[in-house]
Every structure is written in structure tokens, then in C-alpha cells.
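I opened this entry to look up how one pair of helices packs and where aromatic rings come together. My notes follow the order in which I looked.

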Amino acid sequence: MTAAFYLPLGLEEGLETAVQRFGPAHDSLELHLPVVGPDDLLRWIQVLRDARAQNLARRPIAGIIRSLDRVSRRFLDPGDAARREAVDSLARAGRFTSPMLERALDDAFQPVTRGGLSRWLSSELGSVDALDRPAPGPGGTLRHAHGPEWMLQIYAGNVPTLPIWPIYSALLLKASLLAKTSAQEPLLGPLLARTIAEVDENLGACLAVVWWKGGSGHLDRTALALAPAVLAFGGDEAMASISRQSQPDAVRVLHGPKVSVSYIERRALTYAALRGLAARAALDISLYDQQGCLSPHAFYVERRGEVTPGKFAEVLATALEARAHELPRGIVAAEEAASVQLFRSQARFEAAGAAGAAGMSSGGGMSPGAGMLARAAWMPGGGAPSRGASRVLESPGATTWTVVLEDRARFEPGPAHRTVRIHIVDGPEEVARALQPSIRYVEAISLEARGPERVRLAAAFTSLGVPRIAPVGQLQRPTPLGTHGGVRRLLPFVTWSSVEGAAIKQAAPSAAAAPRKSKPTSTPKSSASRSSGRGSRRKAPKRRR
């Protein structure tokens, strides 16, 4: 039986827990979850504030970085008990398979090792030292960065590794943390906190990671009324509720539901690059079974390339089948599988209607063809496709993956679980018109283009306000040096103390203590000759009387 929560030493005493089962009935995982009341939250918050004052507020940032780096290396070590527990328990919960979880842990922890945390801090604060003392900032001003006393973080459960960077961000800012996990995924956050405590008990004393039922108004109000800083992930309704209930002067960073899309420029559609491009696109689609905000739901593919969008769709279908063996899906609930089937049926209906119209205009009919990997509803051969016509490629006998080809640009995310639309387009203007009404729901665009065209297209999409542009195949591998939803991960929670004017010289002893250079009294001819290069002699200037 697994404890799906973490509290600092001593706070678990007397805490009532309940048992909940996760995963398939034949191999379910029994989890101990805390029964939380408002008094519990008030007590935990006070303990966390005291622990921060004692263990974290004046601690040098270098020691925090060293401890978190050791934690990251444990989760990257295939033989470490922490990594093995993470993979085994999350896989038994059923939402993601072991190969997917192994990949997810690597992608989350690799960017924050080997100097990654220092680079993250420097990219946002200008200097790691700014968290310890005034350090040089823009314009020569010295600045000292301060994080909040404590943070409240509320996690969604769609992506298993979501809590990692937020937990690290709180400790890097020398803030204690109360984190609420998701009922979908209550495991990794507590396990990470326990591992941090094993590596560094003083950091562990500043963390509490628990679950309570979403929508428990008295608990939510208790935590939000006191939190000076809130970081939350969830649906629009949950984000609106958090915004209403948090204190007016709290710093709030709220990440609502988003998805991503991709764009492929025609010059990138070559036969030489086709298989590699499709493999990278299939990886973006397959990771996390399209549950995350960085999962692409649509590919906008330009016409008039060496390879047609239809051929790209075929090769993508083959690549998705290969990824299904490399990164198999987790358990798909019956209602979610039904939504995929409905998505397919609607696409087939559109394809049949378009084919019928084209058939009447050409005096002929259409018979569906069958591929080795998929059943397909084909557009009529021998003629140009009509606008809106579709072609459906799907995994045989299961809902493992679905590819729908459409001769129009629109933005309509599918039911996830590796379902994707390929939209045939003339150029980025057509895509901009499709995305503009719902642009706030677009987190990123993966872009496949070359040279100046990549620069031009990136500028076109960033002008729409899209927060991130990434290469195809790298969409699901963000870096902490970037943004989430267009917002930096640390800066919103930072306040600054500035030292200006004469105080700068006093606070920079290294510059003040530099020895003054003495003027040379004379220069030997041989030395002057050598310094002027190739034996040339410089003529001394005449003195004026």
C-alpha cells in the first residue's frame, strides 16, 4: 500500500487516511490519501512558514542547487529506487505505460542537471547570486531577488511529470511549498518530495504535497485566502474559481487548457526527408497520448511540395504504428475510446459526402482502398480534391491512432489518444485566419521549414501571440529557460531590492580593489621594436615648448 502524500516529519501523526484504488481491477494500486480538514491546512501552513525561516530563507543558493541536482540524478539513474518506484507505481495506475514514463522522466530531469538549474536562474534573474545578495543587473544597478514566503501550487493530472519543475521553482526561490495533487495522478509529486527529503532533510522540511477533493470549497478557500503566491494548472472553470477565491494581492500564475499544432512548409516536403519528418511528427503526437498542452492536434501542410500532403499523411500513419510499439498507450477508458470512434465516424461521413459530390460532378463513383496498416476512405483519384474533402487513416481493429486528411484549414482539436488532422493549406495566412478566434488556446506551434522561410514563418506565428515555436519532434521537450503560456517560470513570483548610485561602488569591492597601473618611466628600444611588430620603429612625437 502506497502513501500518496508527503508531509514533513511529525505532521503525519494522528492524520486520518482513506484508501483509494487506481488502475485496472486485476492489478490495481491501493493508495493512502489524507483526509484533510481546514485546521490541518492551517497547521501545515504555519509549520512550513517556520521551516522556511529556519532552513531556507538565508541558505546559500549554491547548496540548494547541489541538493536538487542530486535528486535529479537519482531520477535519471535507471537503477535508483526512486526512479523504479516512479515508473512502477505510475504504470500500475494505468494511465501511461512504462516506456512512456521512462521517456517522460528523462525529458523532465535532463534539462535541470549538469548546470541546468544555474542556467535557469541566470536566464531569468541575471545571476544566481541575486538570490543571496545584491548582484549586478541591467544598467549597472545592483539587485537582490526575493521569492515569496510560501507558495500554493495546484496540479492537473494530464501529464505525469508536471509537478517536477514547479516544485523545483519554489525551492530555488527559497519559498516553502504547499502543493495539491490531482486525483488523476497523485503519485509523482509526493514521491519527488520524499526523495528531496532523503537527499536534504532541510529542504524536505519546507514541502507538503497532499491531495484533497477538488471543489472542496472550505479547503480551497482556506489555502487560497492565505497564499501569497499561487501557481495552478487546470480547466477554465477551476482557474476562474481560484482567481475569485485567492487574496487580492496574491501573485497568481494560472495555466488553463491549451493544445498545440504544427506547420510544414512546402520546401521541407522532400522524399529524402519524408520518413524522418514523419517519425518526428509521430513522436510529438504519441508522447503523453496527446494529454498535454504541448500535444499537436493538427498539422497544417502546404501544397506544391515535392511530397504531397496526402503522401505525408500516409507516411505519418506508418510512423504512428511504429511509435505504438515503441511507446504503447496506457489504458483508454470506454467513454474516451467511444469519442475516438465518433471522431472517425464523423470524418468518414464528411469523406463520403465529399466523394459523392465529386463523383456526381465527374460522372463516376468511388471505392475505398485499404492500406497495409489502415483502412482508408479515399478521395476520388484522377482529379483535384474538392475543398473540405477528407481521407481517413486508422489503426486496424483498435483506436490506437487516427489520421484525417482535410482540404481546408480549421482549428478543432480532436479527442486526443493519437488522433490528428492533416490540413492542406496554401500558406500561413490561411492558418492564421483559422487560429485567430481561438488563439488563446494555442500553447505552441512546431515548425518545419528551412533557412529564411523558417524565420519568416516564425515571425508570422509569434505575431499572433503564440507563446512558443519549436522544431517538429521537439514540441514535447520544452526547456525551463523558456516560458509556459508565454510567462516565465520564476520571474512572476520575484520581488527586487535595488542598490543605486554610490552604493554600487561600495558593493563591488573587486573593482574598487583593482591595483592602479603605474606609468612606465622609459621604454628600451629593443622592447619598443618588438612591440610594434616585425622590427618596425615608431617615431617619438616632438615635444612642444
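**Helix contact.** I worked from a predicted model. I first listed the residues between two helices: S72, F75 and L76 in α2 meet L105, D106 and F109 in α4. By class, I sorted the residues of this contact into four nonpolar, one polar and one charged.

**Helix geometry.** I then looked up how α2 (residues 61-76) and α4 (residues 98-109) are placed, and found an angle of about 155° with the axes 9 Å apart. Angles over 145 degrees count as roughly antiparallel; I therefore entered α2 and α4 as roughly antiparallel to each other. I recorded the crossing of α2 past α4 as left-handed.

**Aromatic pairs.** How many aromatic pairs does the count come to? I noted five. One of them, F109 with Y168, is edge-to-face, at 6.4 Å centre to centre and 65° between the planes. Because F109 lies in helix α4 and Y168 in helix α6 (residues 164-172), I noted that this pair ties together parts 59 residues apart in sequence. I found both F109 and Y168 buried.

I next checked F299 and F312: their ring centres are 6.2 Å apart and their planes stand at 45°, so I entered the pair as tilted. The pair links distant parts of the chain, with F299 in strand β12 (residues 296-302) and F312 in helix α12 (residues 309-326), 13 residues apart. F299 and F312 are likewise entered as buried.

**Cluster.** Which residues form one aromatic cluster with F109? I recorded F75 and Y168. F75 and F109 also appear in my list for the contact of α2 with α4.

Notes: Residues are numbered from 1 along each chain as its sequence is written. This is a predicted model: local features need pLDDT of at least 70, side-chain atom pairs count only at pLDDT 80 or more; totals for chains, interfaces and linings use all residues. Side-chain values use heavy atoms; hydrogens and water are left out. Axes are lines fitted to C-alpha atoms, for helices over the stretch in contact, and angles run from 0 to 180 degrees between N-to-C directions. Helices (H or I, at least four residues) and strands (E, at least two) are DSSP runs, numbered from the N terminus. Angles under 35 degrees count as roughly parallel, over 145 as roughly antiparallel, 65 to 115 as roughly perpendicular and the rest as oblique. A crossing is left-handed if the near helix is turned anticlockwise from the far one by less than a right angle, and right-handed if clockwise. Contact means heavy atoms within 4.5 Å. Ala, Val, Leu, Ile, Met, Phe, Trp, Tyr, Cys and Pro count as nonpolar, Asp, Glu, Lys and Arg as charged, and the others, Gly among them, as polar. Rings of Phe, Tyr and Trp (its six-membered ring) pair if their centres lie within 6.5 Å; planes under 30 degrees apart count as stacked, over 60 as edge-to-face and the rest as tilted. Buried means under 20% relative accessible area, exposed over 50%, partly exposed in between (1.4 Å probe, protein chains only).
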